[in-house]
Amino acid sequence: MTWSILARDGDGRFGVAIASRFFAVGALCVHTRRGVGALCTQALMNPLYGPAGIALLAEGHTPQEVVAALVAADAGRAQRQVHVLGARASGAAHTGDACVDWCGHRLFDDFSVAGNMLAGEAVLQASADAFVAAAGRPLAERLVAALQAGDDAGGDKRGKQSAALRIQGDEDRPELDIRVDDHAEPVAELRRLYDVSLERFQPFVACLAGRHDPVGELDRSRIEARIAAFHAQRGT
């Protein structure tokens, strides 16, 4: 009862965008790990797929091997949908025979789309086309554009309720993690929240302690200068 897109950019980031006529779709469906990959579990989702699948990717298994292992161990596989993207090459996916129409998935070199209980195949095609058309823009913006295109093409055939966006960069924490858990227009609200995150949140988080700087920026004037530089670079 969901559609989603997984993607990887040239800097090693992973991104996931997802929408559904279900409460808090971002709570259990989206899984990422720095340097490892991204996974979405959906349809009559199995929340065990996320931790197990990411762990298998981290051990060096290919996305195809990960999907095969997850569904082989699951008696409910016919009602599951999952897609997985690793750090290299294309991803893999499974859409069970008992998933509700329209359902399916599409795999590309550096992204994949999957959905079930959709208005039609055009939802995935529109999402994929919009992602490709937005090449050159930040990964998060490409994902939101893909989600909006899928929504415009009909989205979840039952309606709208929630959406989520996650970007996993070079830290163990997500670079960006935005959820719209219950809203009449969740994709539009997700875009609004993304725009708000650009005002101060994203440049501020870049100043915090991390893997390459265990203290972070402590001088508030330099934090403000970095926020100003962020906006100057964007032309905002």
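Leu6 has its bridge partner in strand 2, namely Val16. That pair is a handy way into this predicted model, where local features need pLDDT of at least 70, side-chain atom pairs count only at pLDDT 80 or more, and totals for chains, interfaces and linings use all residues. Residues are numbered from 1 along each chain as its sequence is written, and side-chain values use heavy atoms, with hydrogens and water left out.

**Around strand 2**

Some vocabulary first: helices (H or I, at least four residues) and strands (E, at least two) are DSSP runs, numbered from the N terminus. Two strands pair if DSSP finds at least two bridges between them. Strand 1 (residues 2-8) and strand 2 pair over seven bridges in the antiparallel sense. Their hairpin has five residues between the strands, and Gly12 takes a positive phi near 90° there.

Strand 2 also has strand 9 to deal with: the two run antiparallel and are joined by seven bridges. Gly15 has Ile167 as its bridge partner in strand 9. Strand 9 in turn is joined to strand 10 by five bridges, again antiparallel, and Ala164 stands opposite Arg179 in strand 10. Here are these pairings, along with one from the other sheet discussed further down.

| Strands | Bridges | Sense |
|---|---|---|
| strand 1 (residues 2-8) and strand 2 | seven bridges | antiparallel |
| strand 2 and strand 9 (residues 162-168) | seven bridges | antiparallel |
| strand 9 and strand 10 | five bridges | antiparallel |
| strand 4 (residues 37-43) and strand 5 (residues 80-86) | seven bridges | antiparallel |

How covered is strand 2 (residues 14-20)? Mostly: seven of its seven residues are buried, where buried means under 20% relative accessible area, exposed over 50%, and partly exposed in between (1.4 Å probe, protein chains only). Both faces are covered, with Phe14, Val16, Ile18 and Ser20 on one side and Gly15, Ala17 and Ala19 on the other.

In a regular strand the side chains alternate between the two faces of the sheet. Strand 10 (residues 176-180) shows such an alternation: Leu176, Ile178 and Val180 point to one face and are buried, while Asp177 and Arg179 point to the other and are not.

**Helices 4 and 5**

Helix 4 (residues 139-152) has 14 residues and reaches 20 Å from its first C-alpha to its last, close to the 20 Å expected at 1.5 Å a residue. That expected span is 1.5 Å times one less than the number of residues. Helix 4 is mostly covered, with twelve of its 14 residues buried; among them are Leu139, Glu141, Arg142 and Asp151. Just after helix 4, Gly154 takes a positive phi of about 125°.

Helix 5 also has 14 residues and reaches 20 Å, close to the expected 20 Å. Its buried residues are Pro186, Val187, Glu189, Leu190, Tyr194, Ser197 and Leu198. What covers them includes strand 2, helix 4, strand 9, strand 10, helix 6 (201-205) and helix 7 (220-234).

Glu189 is worth a stop. It sits in helix 5 (residues 186-199) and counts as buried because its relative accessibility is 16%. The side chains of Glu189 and Arg192 are joined by a polar contact of 2.9 Å; such a contact is a pair of N or O atoms within 3.5 Å, where within protein one must be able to donate a hydrogen and the other to accept it, and residues adjacent in sequence count only if both atoms are side-chain atoms. Leaving aside its neighbours within four places in sequence, Glu189 is in contact (heavy atoms within 4.5 Å) with Val180 and His183.

**The four-stranded sheet**

An open sheet of four strands has the order 3-4-5-6, with antiparallel pairing. Strand 3 (30-33) and strand 6 (92-95) stand at the edges with a single partner strand each, so one side of each is left without a neighbour in the sheet. Neighbouring strands here are turned by 10° against each other on average, direction ignored. Within the sheet, Cys40 has His83 in strand 5 as its bridge partner.

Two helices lie across these strands. Helix 1 (residues 49-58) covers strand 3, strand 4 and strand 5 in this crossing sense, running at about 150° to strand 4. Helix 2 (residues 63-72) lies across strand 4, strand 5 and strand 6, at about 30° to strand 6. Axes are lines fitted to C-alpha atoms, for helices over the stretch in contact, and angles run from 0 to 180 degrees between N-to-C directions.

**Cysteines**

How many disulfides does a search of the whole structure find? Zero, with a disulfide taken as a pair of cysteine sulfur atoms within 2.5 Å. The sulfur of Cys29 is 6.3 Å from the closest cysteine sulfur, in Cys40, which is too far for a bond. Cys29 is buried at 7% relative accessibility, and Cys207 is buried with a relative accessible area of 2%.
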